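Q: Could you walk me through one part of this protein up close? I'd like to look at the greasy bit on the inside and see how it fits with the rest of the chain.

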Amino acid sequence: MNLENIKELVAIFENSSLSELTLEEGDRKISLGRKLTTDPIVTAAPMATSHNSLPAEDDDNDEDFVTSPIVGTFYSAAGPDIPAFARVGDKLKAGQTICIVEAMKLMNELTVDFDCEVEAILVSNEQKVEYGQPLFRIKKL
């Protein structure tokens, strides 16, 4: 790995939402990291929680969002010839799969935390998604 490759890697890292990156090539290892903000994100298991609520303006609002827990590619179904996990208007039960986010060749199934209805799908199939990006608008049942 030459200096130009390292400079390019640093530039890519600076423009990403990653907090750390480690790259090994042969006997060489490069680790990049950032300081956490005052609001560190703590996850025990990356896929344990797939639903994040955005702040509501009033407490009577039952509207929430399913957000991406990782940077990756959004898939609405398990395969090209298989129906989507969820469509607008579908009612889902707690623990039911709503989509897949693929990262580094790993297919991560996202599930809903409570019974809900899908109000809107905010991304398209095979779209690249960022950490924290809203994927679905849902309404608690």
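A: Sure, let's start with the largest nonpolar core, which has 19 residues. The members that touch the most other members are Phe74, Leu92, Ile98, Cys99, Leu135, Phe136 and Ile138. Now look at where the core gets its residues: strand 7 (97-103), strand 9 (116-121) and strand 11 (134-140) each hand over at least two. Strand 7 gives the largest share, with four residues.

Keep in mind that this is a predicted model. To place the core, zoom out a little. The protein has one helix and 11 strands, and along the sequence the helix comes before the strands, in the pattern α-β-β-β-β-β-β-β-β-β-β-β. Of the contacts with a separation of 6 or more, 52% link residues 24 or more positions apart. Buried residues make up 28% of the 141 residues. As for the outside, the protein exposes about 9,700 Å², and carbon and sulfur atoms supply 51% of that area.

While you're here, have a look at how two of the strands pair up. Strand 1 (residues 20-25) and strand 2 (residues 28-33) run antiparallel and are joined by six bridges. In that pairing, Glu20 sits opposite Gly33 of strand 2. The two strands form a hairpin with two residues between them. One residue to find in the turn is Gly26, with a positive phi of about 65 degrees. As a handy rule for looking at any regular strand, side chains alternate between the two faces of the sheet.

Notes: Residues are numbered from 1 along each chain as its sequence is written. This is a predicted model: local features need pLDDT of at least 70, side-chain atom pairs count only at pLDDT 80 or more; totals for chains, interfaces and linings use all residues. Side-chain values use heavy atoms; hydrogens and water are left out. Buried means under 20% relative accessible area, exposed over 50%, partly exposed in between (1.4 Å probe, protein chains only). Contact means heavy atoms within 4.5 Å. Accessible areas come from the Shrake-Rupley method with a 1.4 Å probe; for residues, only the protein chains shown count as cover. A nonpolar core is a set of buried Ala, Val, Leu, Ile, Met, Phe, Trp, Tyr and Cys residues joined through side-chain atoms within 4.5 Å. Two strands pair if DSSP finds at least two bridges between them.
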